Amino acid sequence: MTAVTAAALLGAASWAAVAGAARAPDGSALRTIMREMGRDMQVVTDGIAREDWALVAKTAPRLADHRQPPLAEKMRVLGFLGNDAGAFRQHDARTKQAAQALGQAAQRRDGEAVIASFATLQRSCLACHQRFRQPFVEHFRGQP
């Protein structure tokens, strides 16, 4: 097993734990976006495991430039976040930056840089989820 494959499998296990527990307002666009991002993370994991740098390079921009919720939902979420809205936006900016670095590394076919960028991306996602997931679940559960 190559170091690239081992790192990708470890990343997949870590991401599965994060993505599997993701929650947002029930039926919300944000929840759908998070699920899409989870699927894209799985595609990247598969691409890394197979050293398919073209697939990773193609998928990374979808993570960096993920869809945004509609304005009404965004306002509801930002209203809930209150003073923490800036921190939420910083997490999103870090995620974007890490996903862009991932795509650039994949374009260079630099497996070590891809793994490092993917690890940074996962840490960014995890930090945001650890800070905001539970409050979102508690506040938005059962809301349309």
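Which residues touch the most other members of the largest nonpolar core? Let's start there, keeping in mind that this is a predicted model.

## The largest nonpolar core

This core holds 22 residues, and the ones that touch the most other members are Ile48, Val56, Leu102, Val114 and Leu121. Four helices each supply at least two of its residues: helix 2 (29-49), helix 3 (53-64), helix 5 (85-107) and helix 6 (111-140). As background, nonpolar side chains in soluble globular proteins tend to be buried together.

A second core, separate from that one, has ten residues, including Leu30, Val77, Ala85 and Phe140.

## A look around Leu121 and Met41

Leu121 makes a good place to zoom in. Setting aside neighbours within four places in sequence, Leu121 is in contact with Met41, Leu63, Thr95, Ala98, Ala99 and Leu102. Of these contacts, Leu102 also appears beside Leu121 in the group of core residues that touch the most other members.

Met41, another of the contacts of Leu121, is found in helix 2. With a relative accessible area of 1%, Met41 falls under the 20% cut-off and therefore counts as buried. If you like checking distances, try Met41 and Thr59: they sit 18 residues apart in sequence, and their C-alpha atoms are 8.4 Å apart in space.

## The aromatic cluster

Now to the rings. The model has five aromatic pairs. One of them joins Phe80 and Phe136 in an edge-to-face arrangement, with 5.6 Å from centre to centre and 90° between the planes. Phe80 belongs to helix 4 (residues 71-81) and Phe136 to helix 6, so this pair ties together parts of the chain that are 56 residues apart in sequence.

Are these two rings buried or exposed? Phe136 has a relative accessible area of 4% and is buried. Phe80, at 27% relative accessibility, counts as partly exposed because its value lies between the 20% and 50% limits.

Phe136 has another partner in Phe88: this pair is stacked, at 5.9 Å centre to centre and with 15° between the planes. Here too distant parts of the chain are linked, with Phe88 in helix 5 and Phe136 in helix 6, 48 residues apart.

Put together, Phe80, Phe88, Phe132, Phe136 and Phe140 form one aromatic cluster. Phe140 also brings us back to the cores, as it is one of the ten residues of the second one.

Conventions:
Residues are numbered from 1 along each chain as its sequence is written. This is a predicted model: local features need pLDDT of at least 70, side-chain atom pairs count only at pLDDT 80 or more; totals for chains, interfaces and linings use all residues. Side-chain values use heavy atoms; hydrogens and water are left out. A nonpolar core is a set of buried Ala, Val, Leu, Ile, Met, Phe, Trp, Tyr and Cys residues joined through side-chain atoms within 4.5 Å. Buried means under 20% relative accessible area, exposed over 50%, partly exposed in between (1.4 Å probe, protein chains only). Contact means heavy atoms within 4.5 Å. Rings of Phe, Tyr and Trp (its six-membered ring) pair if their centres lie within 6.5 Å; planes under 30 degrees apart count as stacked, over 60 as edge-to-face and the rest as tilted.
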